[in-house]
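Visitor: I'd like a close look at one part of this model, please. Could you pick out the charged surface and walk me through it, along with the chain around it?

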Amino acid sequence: MALPQAKQTATEERLAVLRMPDAGCTRKAREAALERLRQMGLPGRRDEYWKYTRPDTLISADALPAALFVNDESPMFDEFDRLKIVFIDGVFSPEESDELSLEGVSIDRLEDICCKDIHWAKELYGVLEANGQNPVPRPLAALNTAFASDGVAIHVTGKPSKPISLIYRHASETSDAILHHVIRVESGAEVTILENGPAASRFNKCMEIDIADGGTLHHVRAQGRDHQRRAATHMFTRMGHESVYKSFTLTVNGVLTRNEQVVELTGDDAVAHVAGACVGDGEFHHDDTVFVTHDAVNCESRQVFKKVLRNGATGVFQGKILVKEGAQKTDGYQISQSLLLDGDSQFLAKPELEIYADDVACSHGSTSGAIDETAMFYLRSRGIPTREATDMLTLAFLAEAVQEIEDEALADVIVARLQDWLARRR
Amino acid sequence: MLEIKNLHVKLEEEDKQILKGVDLTVEAGKVHAIMGPNGSGKSTLSYVLSGRDGYEVTEGTASLDGADLLEMEPEERAAAGVFLAFQYPVEIPGVGNMIFLRTAVNAQRKARGQDELSATDFLKEVRAKAKALKIDAEMLKRPVNVGFSGGEKKRNEILQMAMLEPKMCILDETDSGLDVDAMKLVAEGVNALRDEQRGFLVITHYQRLLDHIKPDVVHIMAEGRIVKSGGPELALEVEHNGYADILAEVN
């Protein structure tokens, strides 16, 4: 079917300023992705999947400028011994990064997977993204596969002693970055991936994660605090038998964020937890779009998303659990909640369940509410001023999502950051 | 210390007068008890003194050591020395009891221009005071009042009172929902805090609590006013004859 004219024009205008990298062995995958993109076109306001989030600034030919957020905060995750991989405005920085070597894992730049003949990465690139285009198209992910200019391939074969930390620095006010990472966790292997930083004025990031039988991947992300930055991210995760995937994202600030998680449980007894906490003040639009597919027996999935919004901030949650025929004994849980600190803010939620198996337990819930006045008075009657009391109740509200982080030290760091950021108010 | 004069209070949302001219003075070092039938305005008085929303003072004053309480925010009243032990302590999921206590103690110290209590000093103090109230370490770690039994909640109120060391303690039906042993424990906690500098206002339905917390003065409240005041014997009279006799006598 031909695309509507407006959509086609918008797509071609965007494509006109993009150049496919000279990518050797990923060329085929990139060209296929470009073809997919042309078929579906970039998202427009009329698309059902973009009903609550305006895609204009994510698809425009040029990125809108975003001022750098200058602050005196210590770098995120600095407390941890970790292997640092640094990108500045979407470009890998060998000087800022650690040496890419660690026992139990091999890490290569995307551009090296061809010359080094890294089979698994060549075979994974663009595959999970392509799978994830059904039943809902995700054009920005296809665009990413076609035009990503950098990224890493992480092959986890053991249990590396420290987390792998992807750091995205923002240096130029007009940067427009497209990164694509591929990760393969082998059977029985286990890794923690950290991500943090604003990355660029506009950031399109795609991560394809393939977890083999019995593999485990923990993911903790703190998106950058630059107020004017824009980001569209996709994580495509395919999970084998008894594999575990636990992902948590913290977002504070950012004028526009769309985080998509596409999880496919393809092996029996797999466990996927996807969680997020966000705090938005003023010019802030945050969209969590999650699609979990149960295609195996006895799998567990949890989606826990909490948003605190004030001064006209907007939160969006579109979450779906699809239980395919035969995916018996599925345990699916989904909760999305917002705490609206004033009447100007809004939370738009679309929780969905689609179930084709008869022996499953799936639940979903979504709420919006204000601060509990009774609790507020209780705290104040003990001498805690309104602002501090609000912060305490805000943190308490976010706690359920933060608790999804398995590593207590990491969870503590997230809580401490939240506390600090709430106190700073910016 | 606490001086209430001709206090008139109505509900903010409705045209309903609850307090119709309360006069009451609680001196430092004294325990005053307020008894009275349901709906007489006892709890309203405690809420108005601690600054809860939803009430409008239409006439009269309330001051603590000369400072106008009614002009202050709830947290300012707390820092000035007012403490209300709630009839129904509030559950706050996600906020640890220990963090709550420490934040409250330090917020009040800060408001009074004192240094914050160090983590070690705080811990030492809270452990000692919790032990006296038979509050175990597990309870301190749990979220505020979440999953606490009725007795545990009330003991937690007294622990907060012990940590905050207020000048003026207002206990709103602290005995409700307590068995005899729990009531003794709570009363012991209260008695431990009695001293020359501190005043108490104990609101209760039953004389029972006053066997354990011996009042200096007993007031009977009815229809938004204090209608009779006397010594501890007044509480016994209520216990034996109910309120009817007293109310008839007053009317």
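What follows is a walk from one charged patch to the chain it draws on, with a short stop in the other chain.

Guide: Sure, and keep in mind that this is a predicted model. Let's start on the surface, where a patch of negative charge brings together Asp372(A) and Glu373(A) with Glu12(B), Glu13(B), Glu14(B), Asp15(B) and Asp53(B). So you've got residues of chain A and chain B in one patch.

Take Glu14(B) as your foothold. You'll find Glu14(B) in the loop that links β1 (2-11) to β2 (17-26) in chain B. Is Glu14(B) buried, partly exposed or exposed? Its relative accessible area is 45%, and because exposed would need over 50% and buried under 20%, Glu14(B) counts as partly exposed.

Now step back to chain B as a whole. Its secondary structure adds up to ten helices and twelve strands. The C-alpha trace of chain B spans about 55 × 40 × 35 Å along its principal axes. For 251 residues you'd expect a compact globule to have a radius of gyration near 18 Å, and chain B agrees, with 18 Å. Of those 251 residues, 52% are buried.

For a quick look inside chain A, try Val105(A), which sits in strand β4 (residues 105-109). Val105(A) has 9% relative accessibility, so it counts as buried. Its C-alpha is 9.3 Å from that of Ala189(A), though 84 residues separate the two in sequence.

Technical notes: Residues numbered from 1 in each chain as written. Chains lettered and ligands numbered in written order. Predicted model: local features only at pLDDT ≥ 70, side-chain atom pairs only at ≥ 80, totals over all residues. Heavy atoms only, no water. Patch = residues over 30% accessible without salt bridge, like charges linked within 9 Å, V, L, I, M, F, W, Y side chains within 5 Å. Areas by Shrake-Rupley, 256 points an atom, 1.4 Å probe, with all protein chains shown as cover. Salt bridge = Lys/Arg side-chain N within 4 Å of Asp/Glu carboxyl O. Lys, Arg positive; Asp, Glu negative; His and termini not counted. Charge placed at Lys NZ, Arg CZ, Asp CG, Glu CD. Helix = DSSP H or I, 4+ residues; strand = E, 2+ residues; numbered from the N terminus. Buried < 20%, exposed > 50% of the residue type's maximum accessible area, 1.4 Å probe, protein only. Rg over C-alpha atoms; globule rule 2.2 N^0.38 Å.
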